[in-house]
Amino acid sequence: MEELQDNPYQWAAWSLAGSIACKADRLPTALAFFEMTASLQPDRADSWNNLGTVWHALKHPAKARECFRRALSIQEHPLYLCNIGATYSDDGDHIEALKWIRKAQRLDPHLPAIPAAVAFAELATGDWANGWKHWDQLLGVNKHRKKLSFGGRDWAGEKVGRLIIYGEQGLGDEIMFASCIEDCRPLADQVVIECDPRLEGLYRRSFPWAEVHGTRRQEREWDISCDAQVACGSLPGLFRPDPKSCPKKPYLTADPEKRLMWRALFDSWKKPVIGLCWSGGKWSSQSKKRDIGLEAFRPYIESHDAVYVSLQYKDPREEIEETGLPVRHFHLDPEDYDDTAALVAELDGMVGIHTTAHHLRGAMGLPSTILVPHAPLWNYAYGDRLPWYAEQVYHRQKKDEKWIDCIRRLD
């Protein structure tokens, strides 16, 4: 910054400051710095590419695409083509995204940015055979896919002795990919599952033939020796070559005693009990698009004679009080998903934005209606229901449609 004090028009100093801000995840600051570099040297392609990268990270695909196009007009480079494709994926236009990414591949098939961009577009369009291959190239590279080693070889689906399957991604993805765990059973003499601590009880009950440890991100005090290890998110590449290959069978089992407790309570209300979820995810998983707000459910709640239960992660009591809507909220153990699983299993119905609760209900073979944003994450872009489960169905938001109007269209 001292360089900028002496000469505030140094492009290189502003560019370096922007890169440092990006690495520190200070995106608004990085945006300001890169806007300065683009104004100082608008004829440099990297000025526009850097600015577009920040807009993309801030979930503004149209602004990002404009910057990447400016970069491409200055210099034809496969990275700029690939980045344009990624912005179309963010807009939900995965076919157009693939057109741009394929152009980049022809120019440089080894471009490091290609696997992340093309994987989601391929998966979203049903090309799982190629999508999972590119997805697996992100393991240990993408910050959201940490690669672990327990001393064994990376498993490729061969017959093996002791196999460790370790969890990754968010809780919903960990549950979704767990649908492949049963496929591992005949291929290993012993299967060990390391999962999120919140899933330990649920997994031990659901996979009694496996050794289960809820020590993900924690200190391990169990025998980690193995012949091979595999990330849970890599299992679909071994067992799910296309959406039709999903067996759609229930694979998680809620605590029967806890289910009886919830059933007794719900029966006492003498009305159908419907679970609602109106926000979810993190910034990186489209939390902005997934923030519906409870008020949007007013037409639905007022037109259906039922008891409504919140499935929100965070305490929603203030929002419930502000809307005045008759929605009940229970304080469930945040460190153990067994209570949540039992409650979700006993609901008569479930409606809401895509969250972990939908994966949980689908994994138990139960129906729910998933409210899908106009431009959703890749796993909600294909077909009319989640391929992993038999009973989940989508209710899609139209382009530029308000959520309250989308929900009004529900039966």
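This report walks through the overall build of one predicted chain and then its parallel sheet.

As a predicted model, it contributes local features only at pLDDT of at least 70 and side-chain atom pairs only at pLDDT 80 or more, while totals for chains, interfaces and linings use all residues. Residues are numbered from 1 along each chain as its sequence is written, and side-chain values use heavy atoms, leaving out hydrogens and water.

Let's start with the whole chain. DSSP runs give 19 helices (H or I, at least four residues) and eleven strands (E, at least two), numbered from the N terminus. The radius of gyration over C-alpha atoms is 23 Å, which agrees with the value near 22 Å for a compact globule of 411 residues (the rule is 2.2 Å times the number of residues to the power 0.38). Of these residues, 51% are buried, meaning under 20% relative accessible area with a 1.4 Å probe, protein chains only. Among contacts (heavy atoms within 4.5 Å) between residues at least 6 apart in sequence, 62% join residues at least 24 apart.

Now for the sheet. Six strands form an open, parallel arrangement in the order 8-7-6-9-10-11, where pairing requires at least two DSSP bridges between two strands. Strands 8 and 11 are the edges, each pairing on one side only. Strands 9 and 10 are joined by three bridges, and Val 351 has Thr 369 in strand 10 as its bridge partner.

| Element | Residues |
|---|---|
| Strand 8 | 327–328 |
| Strand 9 | 349–353 |
| Strand 10 | 368–372 |
| Strand 11 | 392–396 |

Helix 18 (residues 356–363) lies across strands 6, 9, 10 and 11. This helix runs at about 145° to strand 9, with axes fitted to C-alpha atoms (for helices over the stretch in contact) and angles running from 0 to 180 degrees between N-to-C directions.

Technical notes
Buried < 20%, exposed > 50% of the residue type's maximum accessible area, 1.4 Å probe, protein only.
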